[in-house]
Amino acid sequence: MQDIDYFQKALHEFNDGNWYGWKTHDSDGNKIPNADRMTYANIKVIKDGASIPSEADVNAKIQELKDADTAKANAKTSGKAKLKAGEALTDAEIAALFGA
């Protein structure tokens, strides 16, 4: 996954999902190029009652998601090695290999 994917996935973890959009114009009325829109500074709330989480909270969630993906990949790798060696698997390895 690319960083922008983690960024969007992290944002969806706050305020029950689809609560944000991207600003199309800056405070001076200038159009923000599409390539520059998906940044923390350009988040806008599109759902009543939602609020923008702090940048630190978003970054912490991104790291949490990355760590979970890394742990899953590591469990899959070690699980394959254990299967080849005829060793017992952990629950995390089973889940990583078979989606259980």
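Modeller: Let's start with N15, which sits in the loop between helix 1 (3-12) and strand 1 (20-22).

Biologist: What makes something a helix or a strand here?

Modeller: Both are DSSP runs numbered from the N terminus: H or I over at least four residues for a helix, E over at least two for a strand. Mind that this is a predicted model, where local features need pLDDT of at least 70 and side-chain atom pairs count only at pLDDT 80 or more, while totals for chains, interfaces and linings use all residues. Residues are numbered from 1 along each chain as its sequence is written, and side-chain values use heavy atoms, with hydrogens and water left out.

Biologist: Why is N15 called partly exposed?

Modeller: Buried means under 20% relative accessible area and exposed over 50%, with partly exposed in between (1.4 Å probe, protein chains only). N15 has 25%, so the label is partly exposed.

Biologist: And why does D16 count as exposed?

Modeller: D16, in that loop between helix 1 and strand 1 as well, has 72% relative accessibility, so it counts as exposed.

Biologist: What is notable about the phi of N15?

Modeller: Phi of N15 is near 55°, a positive value in a non-glycine residue. D16 also has a positive phi, about 60°, without being a glycine. Most residues other than glycine have a negative phi.

Biologist: Which residues does N15 touch, leaving out those up to four places away in sequence?

Modeller: K47, A50, S51 and P53, where contact means heavy atoms within 4.5 Å. With S51, a polar atom of the N15 side chain lies 2.6 Å from the backbone oxygen.

Biologist: Now the rings: what makes Y20 and W22 an edge-to-face pair?

Modeller: Rings of Phe, Tyr and Trp (its six-membered ring) pair if their centres lie within 6.5 Å; planes under 30 degrees apart are stacked, over 60 edge-to-face, the rest tilted. The rule gives three aromatic pairs. Y20 and W22 are 5.4 Å centre to centre with 75° between the planes, hence edge-to-face. They belong to one aromatic cluster with F7 and W19.

Biologist: How do you know that Y20 is buried?

Modeller: Y20 has a relative accessible area of 7%, so it is buried. W22 is buried too, at 11%.

Terms used: A polar contact is a pair of N or O atoms within 3.5 Å; within protein, one must be able to donate a hydrogen and the other to accept it, and residues adjacent in sequence count only if both atoms are side-chain atoms.
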